[in-house]
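Here are a few exercises to work through with the model open. Try each task before reading its solution.

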Amino acid sequence: MVRIISALILAVTVASATAAEPLELVDNPPERHIVVKGDTLWDISGKFLKQPWRWPDIWRMNQDQIKNPHLIYPGDIVWLDLSDGNPRLRLGKPLGNGKVQPKVYSTAIQQVIPSIPAKIIEPFISQPLILEPGDAAVATRIVATQEDRVILGNGDTAFVSGITDASVVKWHIFRPGKPLKDPETGDVIAQEAFFLGNATLVEPGEPATIRITQSKEEVTRGDWLKPAPPTSIMAYVPHRPELEISARIMSIYGGVSEGGSGSVVALNRGEADGVEMGHVLALFRKRVSQDLDESHQRVSTTIPDERYALAFIFRTFDRISYALVLESSKSVLIGDAARNP
């Protein structure tokens, strides 16, 4: 039985200037790649392209094709076609003259080849990340604990005020975290939500009764709840923004001062600024050269920013977006710039 993996190679139309840029292949690209379970879109793209987010270009997908899923299965051969002088990727066994051998599949399974590793971003997809304006006014909070206990954990009971929909059974528990300040203006534009665990509604009412099913941190009276959305990893497809995006890193998730490849960062630009899920941005470090002049006085000269990493946008809010750092050659710092690659 052949197990089918569905890969959504879905993208937006790139700007005309971008489309005109020639595709750059990696040095000594392979002639073909056999698709296996665990492949990601980024991995496969990177085997052939220096710019993995230009996947739709090398597949020569038009706007109609971009709207529909493109299926990749275990055992499929992704091969590089250079017959007309322009690189193109095709699926199937090449037979010559640009044709491929058809293949029969059976028993599809609902497993999507993600663009980036699902295990890294899944917690950030399903869990609350920020508190937006107005959340405090309608917040669902723990108002009492089991038998007057101060700290709760797995299996414990708590009483919650503000659950108005008894059909919502699964909940996330969190605590307001540090404010997120725009590095450019100094304004607080949101507040991080510190994830504590999961809970299940046992009995509706005011207060309602919940049972904690998973506790990652200590839960106490006053902690907040939000409905838990279904866990699903979207088939993000990397693409360059059509608009010019100029953002800054506000925080590195986990409360650390610096990060690297695999870190999740919050940017001070969101949906209101044209940021979309799947956008790829380059990270830049502002550089200043320190020297002495003829009078032996210290002088500073600003030199061009240094590009050192890529960031893949996977979750967006109105004024904030979250990105996974990829291919970083140095430490990621708060305040670094994120712009079109």
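**Exercise 1.** Find the bridge partner of isoleucine 34 in S3, then work out the sheet around it.

*Solution.* Start at isoleucine 34: its partner in S3 is isoleucine 77. Keep in mind that this is a predicted model. Next, step back to the strands: S2 and S3 (residues 77–81) pair antiparallel over three bridges. Now add the third strand, and you get an open sheet in the order S2-S3-S4, with antiparallel pairing. S2 (32–34) and S4 (88–91) are the edge strands, each pairing on one side only. From one strand to the next, the twist averages 20°.

**Exercise 2.** Trace how S13 pairs with S10 and with S12, and give a residue pair for each.

*Solution.* Take S10 (residues 157–161) to begin with: it pairs with S13 (residues 208–215) in the antiparallel sense, over four bridges. Here phenylalanine 159 sits opposite threonine 209 of S13. Then go to S12 (residues 188–203), which is also antiparallel to S13, over six bridges. There, alanine 199 faces isoleucine 212 of S13.

**Exercise 3.** Which backbone features turn up between S12 and S13?

*Solution.* The two strands form a hairpin with four residues between them, and glycine 205 takes a positive phi near 145°. Move along to the peptide bond from glutamate 206 to proline 207: that one is cis, with omega near 10°. Proline 207 lies in this same S12–S13 loop. As background, most peptide bonds are trans.

**Exercise 4.** Asparagine 28 has a positive phi, and so does glutamate 327. Where do they lie, and is each buried, partly exposed or exposed?

*Solution.* Asparagine 28 has phi at about 55° and belongs to the loop between helix H1 (16–20) and S2. Its relative accessibility is 75%, so asparagine 28 counts as exposed; the cut-off is over 50%. Glutamate 327 has phi near 55° and lies in the loop between S20 (321–326) and S21 (332–333). At 48% relative accessible area, glutamate 327 is partly exposed.

**Exercise 5.** Which stretches have pLDDT below or under 50, and how many contacts does the model give them?

*Solution.* Begin with the whole chain: mean pLDDT is 77, and 74% of the residues reach 70 or more. Over residues 1–19 the pLDDT is below 50, and this stretch has 63 contacts beyond near neighbours in sequence. Residues 62–69 also stay under 50, with nine contacts beyond four places in sequence. Where pLDDT is low, predicted coordinates should not be read in detail.

How values were computed
Residues numbered from 1 in each chain as written. Predicted model: local features only at pLDDT ≥ 70, side-chain atom pairs only at ≥ 80, totals over all residues. Heavy atoms only, no water. Pairing = 2+ DSSP bridges. Axes fitted to C-alpha atoms, helices over the stretch in contact; angles between N-to-C directions. pLDDT = per-residue confidence, 0-100. Contact = heavy atoms within 4.5 Å. Buried < 20%, exposed > 50% of the residue type's maximum accessible area, 1.4 Å probe, protein only.
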